[in-house]
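Visitor: I've got a structure here and a handful of questions about it. Could you walk me through them?

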Amino acid sequence: MMNVFVQLWKSLYSPKDIARFRFQGIGKTIGYLFLLTLLSVLPTFYYASTSLAESIRTTSALLRNDLPPFSIENGELRSEAAEPIHIDQGGFTIVFDSTGKVTRREVERLPNAIALLKHEAVLVAGYQAQHYSYATFPDVTITDEDVRVFIASLQSLLPVLIPLFGLVLYVLACAGKFVSVCLLAFFGLMFAGMLDKKLRYRHTWIMSAYAITLSTVFFALMETVQTIVPYSTFIHWFVSLAVLFLAVKEVPASAQRNS
């Protein structure tokens with residue numbers, strides 16, 4: 001039986017081998033998908049977790065030394081600062097703006113940042129932005145001292161938060177991969193009909209799991225080198241469909257349906 005890593009390697013370049021994999025068990029294919037998903041999320045997990053840890057450490061230091069006293073009341077950030085404050089710490093940016101001049105879109109263009117804006121806080125890790133509106137707590141007054149205490153608590157919880165984040169990221173990525181493969185398998189049946197290949201859904205499902213390998217590895221490498229690929233969703237589906245089509249084409253025309 002072929003080693004799973006050998007299958008991964010062959011799936012990068014050989015539609016003929018992908019076609020041969022259609023007879024293997026569903027269990028092994030599911031295991032392959034779990035492995036492929038794990039490899040694909042490792043770069044995202046690394047950069048996001050290191051950015052989170054660095055952002056918390058940097059924010060704690062800046063709150064003590066560089067930012068003016070402030071408070072958040074009635075959904076607004078208030079301070080005596082007349083202009084926005086931008087602080088760059090080796091690739092990580094802190095933005096403090098109680099004037100309303102900085103927009104969330106400006107912050108989202110930064111690779112790694114934390115921003116306290118007029119009406120919301122924005123956390124960016126690896127170009128992935130999260131927004132937290134102050135209006136969520138309309139009757140609560142938050143001061144810079146409260147934020148310092150909260151940041152200190154987060155630092156102490158990092159050994160728990162980072163593995164939890166990794167688990168959630170992996171589970172969501174697995175769900176996305178399985179949905180993609182299920183949808184791709186229907187296209188596989190369409191290709192089989194067009195090419196007069198007698199395949200069942202289980203065969204196209206297994207082939208689809210291997211057909212996404214090339215696209216998945218490519219985007220994992222792009223994430224590793226922190227390169228943004230435009231139209232990534234379109235490219236993923238186009239490449240996966242193309243590989244699946246070529247794999248279906250490699251199935252012998254005389255192949256019979258197997259359960």
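Visitor: Is D17 buried or exposed in this model?
Guide: Keep in mind that this is a predicted model. The cut-off for buried is under 20% relative accessible area. D17 has a relative accessibility of 10%, so D17 counts as buried.

Visitor: Which side chain does D17 meet in a salt bridge?
Guide: D17 sits in helix α2, which covers residues 15-20. Its partner is 3 residues along in that helix, so the two are separated by about one helical turn. The N to O distance is 3.4 Å, and the partner is R20.

Visitor: And R20, buried or exposed?
Guide: To count as exposed, a residue needs over 50% relative accessible area. R20 comes in at 52%, so R20 counts as exposed.

Visitor: How many salt bridges does the count come to?
Guide: Side chains of opposite charge can pair when their charged atoms come close. The rule asks for a side-chain nitrogen of Lys or Arg within 4 Å of a carboxyl oxygen of Asp or Glu. The pair D17 and R20, at 3.4 Å, is one of them. By this rule the count comes to 8.

Visitor: Which residues are linked in a network of salt bridges?
Guide: Start with D144, which forms a salt bridge with R148, their closest N and O atoms being 3.2 Å apart. The side chain of E145 meets R148 in a salt bridge too, at 2.9 Å from N to O. Put together, the network links D144, E145 and R148.

Visitor: Where in the fold do E145 and R148 lie?
Guide: E145 and R148 are 3 residues apart, about one turn of the helix. D144 and R148 are 4 residues apart, again about one turn. The helix they lie in is α5.

Visitor: Which of these network members counts as buried?
Guide: E145 has a relative accessible area of 43%, so E145 is partly exposed. R148 is at 24%, so R148 counts as partly exposed as well. At 15% relative accessibility, the one that counts as buried is D144.

Visitor: Which residues make the nonpolar surface patch of about 470 Å²?
Guide: One of them, L167, has its place in helix α5, residues 144-194. The patch is made by L164, L167, V168, V171 and L172.

Visitor: Is T216 buried or exposed?
Guide: T216 lies in helix α7, residues 213-224. Leaving out residues up to four places away in sequence, T216 touches L36, S40 and K177. Its relative accessible area is 6%, so T216 is buried.

Visitor: What do the buried residues of α7 pack against?
Guide: The residues in question are T213, S215, T216, A220 and M222. They pack against α1 (4-11), α3 (26-65), α5, α6 (201-211) and α8 (232-250).

Visitor: How far apart are the end C-alpha atoms of α7?
Guide: α7 has 12 residues, and at 1.5 Å a residue it should span 16 Å. The model agrees with that expectation, because the end C-alpha atoms are apart by 16 Å.

Visitor: Which residue with a positive phi follows α7?
Guide: Look just past the helix, which runs over residues 213-224. The phi there is near 55 degrees, and the residue is Q226.

Visitor: Which side chain makes a polar contact with the side chain of Q24?
Guide: Q24 lies in the loop between α2 and α3, and at 14% relative accessible area Q24 is buried. Not counting residues up to four places away in sequence, Q24 touches Q7, T29, R202, I206 and Y210. The polar contact is at 2.8 Å, and its partner is Q7.

Visitor: Which side chain makes a polar contact with the side chain of S79?
Guide: S79 has its place in strand β2, residues 76-79, and is partly exposed, with a relative accessible area of 24%. Beyond residues up to four places away in sequence, S79 touches P68, P69, F70, F96 and S98. The side-chain contact is 2.8 Å, and the partner is S98.

Visitor: Which backbone nitrogen lies 3.2 Å from a polar atom of the S79 side chain?
Guide: A polar contact is a pair of N or O atoms within 3.5 Å. The side chain of S79 has such a partner at 3.2 Å, the backbone nitrogen of A81.

Visitor: Last one: how far apart in space are S79 and P69?
Guide: In sequence, S79 and P69 are 10 residues apart. P69 is also among the residues S79 touches. From C-alpha to C-alpha, the distance is 6.4 Å.

Conventions
Residues numbered from 1 in each chain as written. Predicted model: local features only at pLDDT ≥ 70, side-chain atom pairs only at ≥ 80, totals over all residues. Heavy atoms only, no water. Buried < 20%, exposed > 50% of the residue type's maximum accessible area, 1.4 Å probe, protein only. Contact = heavy atoms within 4.5 Å. Polar contact = N/O pair within 3.5 Å; in protein donor to acceptor, adjacent residues only side chain to side chain. Patch = residues over 30% accessible without salt bridge, like charges linked within 9 Å, V, L, I, M, F, W, Y side chains within 5 Å. Areas by Shrake-Rupley, 256 points an atom, 1.4 Å probe, with all protein chains shown as cover. Expected span 1.5 Å × (residues − 1).
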